[in-house]
Each structure stands twice: as structure tokens, then as C-alpha cells.
Amino acid sequence: MNTAMRWLLPAVACAFLAVLAWVLLPGRPMAFSMMLLLLLVCCLVLLLFYSRTGKSQELASSESLAHGFHSVSDNLPAAILRTAYDERRPVDYVSEHIQKLAGYAPESFLKNGRDFVSIILPDDRHRVAARIQEAAAEAREFVAEYRIMHADGVVRWVQERGRLFEMESGTRIDSVLVDIMDRKRAEKDNNQRKWLDKGLEELDRSLHSASSIEKVMDSAMEDMRRYFGVDRAWLLAQAGDSLVEWESVAERTSMEFPGLKALDRKLVMDNTMSAMQKKLMDIDGPLAADPTTEWDVPKLLKRNFSVRSMLVMCFRSSDGHLWAVGLHQCSHDKIWKPAEMSLFKEMVRRLSDAINRLQTRQDLNESEERFRIYTDQAPLGIAVLQDNRFQYVNHAFAEIFGYESKEMLTFDREDILALVHDDDRRLVSEQMAVKQGAAGNAVENYTFRHLRKDGSEGWVEIHSLTVMQDGQPADLIMLMDITRRRELEQKAAKTSNELEALVQARTASLVDKSRELEKANARLLQLDKMKSSMLTTVSHDLRTPLTSVIGFTKLLRKDILSMRKDEAVCDEHGTLTERVLKNLDIIEDEGNHLTRLVGDFLDLSKLETGGLEWDDSAIDPVETLMVAARRGERLFAEDGQVEFTWDIPESLPTMNADPKRLEQVLNNLIGNAAKFTEKGQVQLKASSEDDQLVIQVRDTGRGVPEDEKERIFERFHRVEQGDTLRRTRRGSGLGLAICREIVDHYNGTMEVSSTLGRGSTFTVRLPV
């Protein structure tokens, strides 16, 4: 019986006796009082007896209970604790398990004065005290989970469950302390998994809802920045083939820390960033830069983008393009946790998969779109036949049969074969089966007759082969409507037969005419030879008497000049003598002109027959140029209105040529300038440029019309302009033609530049 019961029973008995006396002794107050007093004395005696007996029993029971309590508490997997209810919670009792739990022996608390609050982490003390205070105010049990510092310096999680009660010495707290480290680890792992799963779930939702690569990138950067709580998330792409320059593709950043995309410029890596990039290429995962890692944030990022901590990872897309994904913390230092790095790695992997998937889809869509554009606009009919149904029909294919594409997509095998002429249906049916079954004996190209929707017939040429579509064989068909070609072939065959007879009839006539032409050609060749022979003969026949005329003219001039020395004769016949001399000058001048003309004819004849002799040798062109210059000086000496000058260097590279032919070119060009220059200047100039001798004859004459610049080098061509009755003798039209023939012989060039009314410049270039 416990203490309360021992005191409660005597009290109840006394109260019962008092009520009974009141009922049985009415009207006897004195007797009642005496009776009540007697009862009270008896109760006191009874209470004293029970009290002594109870104390002795309680003492024995308490000792037994204490021994059993200590035995049980020391073997429980928890620490039993009794502490005072104050700020420091001094310990009245603690079980042996406290040493395993906190690393301190019970004596440390019971004898050495260590209070319980001293092992609770400072950050958790206020929360635990508040929890106990709430329980005390509501008179209920409390439960608190907090961290304690183990004697070895390791932080451990414990759960304390207890209740407050009053004792004579004050308020006490009895509680049980349990190690919950395993549960906390499991909760932490579970929370991390939930955190990872939630982050990946949100990212997946964004990645799968985005319709383009650009939206995928933007959504991923927004999710990463928000989920990691950083100032900036960015995605960079390799700029060109270089790994030095990178451009921002997607970026999400706080307004106070603008990033690369906001600044609209490329990122040029420094040495530190290049080293980090090389390291990233060697590892399969992210690289962290924060106060605890071996990598520091590159100075360029610190200076330009205020980065204090960063996490970055590289990946390659399916097209081989290199990408970099990163997180920046700019407002404060951030230590990257393993869980964050794991989540970041998985997010980057999923982003890479999404980009590859969308790139593949985009490439496929573009390919399909190009295919549809090409096939729909192609004049060739294209269709895909699988399981005896059209899977694709372009516009040209349907148009051949007179249907719409969508109509033909509903055709079954019978409908398809109904498009073929009866005579060709068996062949087409066999080939359909072969091509769709990927069997042998396939004929890729053949022709057949088809039936249009309006019942008309036509011819088509088919090219078909077996292709795989969705893992199953299909017949890729290409049709060309050859109806018009067949009609033309039939007409052509008929026309060919008619033409063949006509050709045979005319062939005989052409043979006869051909023979006549051969005879005429032979006659023309004979006449040309006769012309050349006659030209040569006549030229020689003319040259002989001309030589005599010129020679005797010179002798006669000499005799007359001798006579002029005799003063008597001179006085008597002076006027006659002057007239005779003047006439002799005319005869000599005309004779020389006729001689040069004959010479030109002879040279032309030899050039045509290949009989012109070339006395080539290594010559100094300066000597030949000076001979031509002195002759030009004499030519222009008689005409005071035209000044002749030359610009010839003292030395020029030697060249292999016939000096007479080179002099002939120079004389013809200077003579040509003299004919067409009435006043002004004529200049002969020579120089050496790029292993070539460059000769120029420049005049200030009438010039050459634009449409005559090429024709002046033709034989017998003369420029007709101005006054044809002027004193200038008209040339034969052979000089420039002979000049070009000579220049061409030496693999040179000859050209003219001219301005009408201001003069011309003839330029000759000869290799040296």
C-alpha cells in the first residue's frame, strides 16, 4: 500500500464515524462532541500506526526498487537522467549509458560538477529550454531533439523525452536520452533524395515542356539559379573552332550582377580559365571553386563579374560541339556541398540529353521538311508503298493518275492495281510483292501503261527499290510520265523512216556536190599559189627597173649639182636647174615609196608562204633602236611642225632576234606616226619591264577611232577620216599587219591606245 492510501483510509473512516454519530444522536450535542472526540483520538492512533508501519515497509520497498531501477537503467540502450529544472540543469542522477552516448562517465556529472547543459551545442540550448518551459506550463511530457558535443569532439544527435515533477528539494526533470544519429542520417539522406528528386523533377518538367533548344536552355538556367539559390546560372558555347573564345547562349542572373549575355560580348579565357577547362575535359563531373577547394575563382571572373564561388561542368553535344554550364555566387562566399555537386552533375547530364534530343529532333524535322519541300516540288512522282498501302504520295505522283494525294493514301491493294493497264498488271503486282517483302528478283526500272481517273491511258517509267521504314521493308517508288515521250518516239520513228528515204536520195546529190566542191577547192588553192607566185614575180620585175630609175636619178642630180658650181651656167640657167632638181627630188621620193611598197608586198608573200628568212642572233636592242631613231630624226627634219624625240636607255637586256626585222617594225611605226601627225610631237621610248623589252611610239596626231583599233592590224586596211586630199601620202595598209606578224613570231604583243583628235600610242612587248 503506498503512502497516499495509508493516510486516505483512516481519514475516510473518521469521516464515516462522524456522519454516523450525527445521525444516531440527534439532539445530544454534548454526547456527539464526546463521541467525535473519541473517534478522532482513535483515528490519530490508527494513523500513527499506519504511518510507522508504512515507513518501514516503504523503506524496504524503496531500497529494493532503487536496486532494481539502477540494474534496469544501466542495461537500457538509453541514458536515464534526472536534473534540476534551472538554466544549467545540474545532474542528480544519470545512468551508465551516458558514457557511450556523450563520452563522459556518470561521475563527471555527479561528482565533478559537470552540468548537463554544457554538452548541448550552444545553437540548440535555447530551443531545448523553450521546449521544456512549454511542457512545464502545460503540465505535460516534453520531447526535444538536439545535438550534443561528444567528448571526442564529434557532434551527435539525441532525443530527450521527459516530465517535470516537484520534490521537497525543488522541481526536477526525469528524462530518457536516446541516440538518434542513424535516424538523422537516414532523414538527411531521405531529405537529400527528396531535394534531388524535386530539383530533377522540376528540371525535367521544364525540359520536356520546352519546344525549342533555346527555350530548353533558358528554362534550365532559370531552374538551376532558383533551386541552388545562386546569383547567376549560365550556359556557354564554344565560339568557332577555338577553345579560347566562348559566347553566352543562355543566362539567368540577378539584376545587381549582370552577366556575359547582358553585356553582349564574348568571354576570352585567361591562363587560369584555360587550365580549369583542360581539367574539366579530363573529369566526368563538375569542378568547384570556393574558399575550401584547391581551385580559386579566376581573377578575370572576380574582376569583371564579381564571382566569389563557382561550380562549372563541360559536356559535348552529339554534333561534337563543346558546352559549359556554370553557377556563380557573387554576393557572398558559398561552399559547395557534395549533394549540390551531385544534383548539378545530374542536371547538366539531363540538359545535355535534352539538347541532344532536341537537336536530333530538329535535324529530323528539318530533314523531313526538306524532303517534303523537295518531293512536293519535284516534277518526279514519288511514293512509299508499305503493307500494300501508300504511306506517302507527293503531288506529282497523284497528278500522274489524276487524283489528289489524300485520296491515294486511302487506296488498298485492289485500288492500286486498278491504276495499271490489264496487260501490265501482273508484272506490277509481282514487283510490288517483291519490293515490299525485300525478296530477290527485283526489277528496279521498267515501263508500263497506267489508267487515269478519267479513264484515259498513259505510259510511265518506274524506278523503285526496297527501303526500311520503321524497321519494315517498304517500296520507294519514283514515277515519270513518259506518255508524251512515247508519242514523240512513235512520231519520230515514222518521221525517221520518211527521212531515211529522203536522206538516201539527197546523199547521192550531196556526194556529187562534194566532189564538185573538192574540185573547186583544188582550183582555188592552185589560183592562190598562182597569185603568190605572180605577186613575187611582179614585185621582183618592178624592183629591177625602179632600182635603175632611182640610181640614174641620183646620177643626174649629181651632174646637175656639179653644173651649179659653174657660175656662168648658173646665172644663165639657174631657174631651169632649180626646177629640174625639184622634179628629180619628186622622182626619187616616189621611187623610194614604190620600192618600199614592193618590199611590203614581197614580205607579205613570204609570210603567207612561210618563206620569210629570219636571221636571229643575240643582239643589243639599243643599237637597232638608235638606228631607227636617227632615221626618224632625218624623216622629221624636213617638217618643222613636228618634233621627233627619243628616250632610249644606254643599256638594255640582250635579246634573240633578227635586227633587220626589229628595225622594220620600228621604221613602220615611226613612218605611220609621220603620216598621221601634222604638228606636235612624235616620241620613241624604250624600257625593260619584267623580262620584256617595251617599245612605245607616241604621237599627237589624229588618233584612231574606237571601232578601228583592232582592224588597223588587218592587211590592206586603211583608216579613212578627215581630208583625203591632204598632202599626206596614203599607205598600202600593210605596214601594221607586217609589224604584228613579226611581233607574233617572237611571242610578243602589240597594242594601241588612242584618243581621237589627241594622238595614239603603239606599244610593243618582246621577251628578252
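This report describes the overall composition of a predicted model, one helix pair, two residues with positive phi, and the cysteines.

**Overall composition**

The protein chain contains 20 helices and 23 strands. Of its 768 residues, 38% are buried. Among contacts in the protein chain with a separation of 6 or more, 56% join residues that lie 24 or more positions apart.

**The α6 and α11 pair**

Two packed helices are described by the angle between their axes and the distance between the axes. For helix α6 (residues 181-209) and helix α11 (residues 338-377), the axes come within 10 Å and cross at roughly 20 degrees. Because angles under 35 degrees count as roughly parallel, α6 is roughly parallel to α11. The crossing of these two helices, α6 and α11, is right-handed.

On the α6 side, the contact is formed by Q192, W195, L196, G199, L200, L203, D204, L207 and H208. Helix α11 contributes A339, E340, L343, E346, M347, R350, L351, A354 and R357. By character, the residues of the contact of α6 with α11 comprise 10 nonpolar, three polar and five charged.

**Residues with positive phi**

Most residues other than glycine have a negative phi. Where does the chain place A139, and is A139 buried or exposed? A139 belongs to the loop between α5 (122-138) and β3 (142-149), and A139 is exposed, with a relative accessible area of 64%. Although A139 is not a glycine, its phi is positive, at about 55 degrees.

D470 is likewise not a glycine, and D470 has a positive phi of about 55 degrees. D470 sits in the loop between β15 (457-469) and β16 (472-481). The relative accessibility of D470 is 74%, so D470 counts as exposed.

**Cysteines**

How many disulfides does the structure hold? The structure holds zero disulfides. Two of the cysteines can be placed by their accessibility: C314 is buried, with a relative accessible area of 13%, and C739 counts as buried at 0% relative accessibility. Both values fall within the buried class because that class covers anything under 20% relative accessible area.

The accessibility values for the individual residues discussed above are collected below.

| Residue | Relative accessible area | Class |
|---|---|---|
| A139 | 64% | exposed |
| D470 | 74% | exposed |
| C314 | 13% | buried |
| C739 | 0% | buried |

Note on methods: Residues numbered from 1 in each chain as written. Predicted model: local features only at pLDDT ≥ 70, side-chain atom pairs only at ≥ 80, totals over all residues. Heavy atoms only, no water. Axes fitted to C-alpha atoms, helices over the stretch in contact; angles between N-to-C directions. Helix = DSSP H or I, 4+ residues; strand = E, 2+ residues; numbered from the N terminus. Parallel < 35°, antiparallel > 145°, perpendicular 65-115°, else oblique. Left-handed = near helix turned anticlockwise from the far one by under 90°. Contact = heavy atoms within 4.5 Å. Nonpolar A, V, L, I, M, F, W, Y, C, P; charged D, E, K, R; others polar. Buried < 20%, exposed > 50% of the residue type's maximum accessible area, 1.4 Å probe, protein only. Disulfide = S-S within 2.5 Å.
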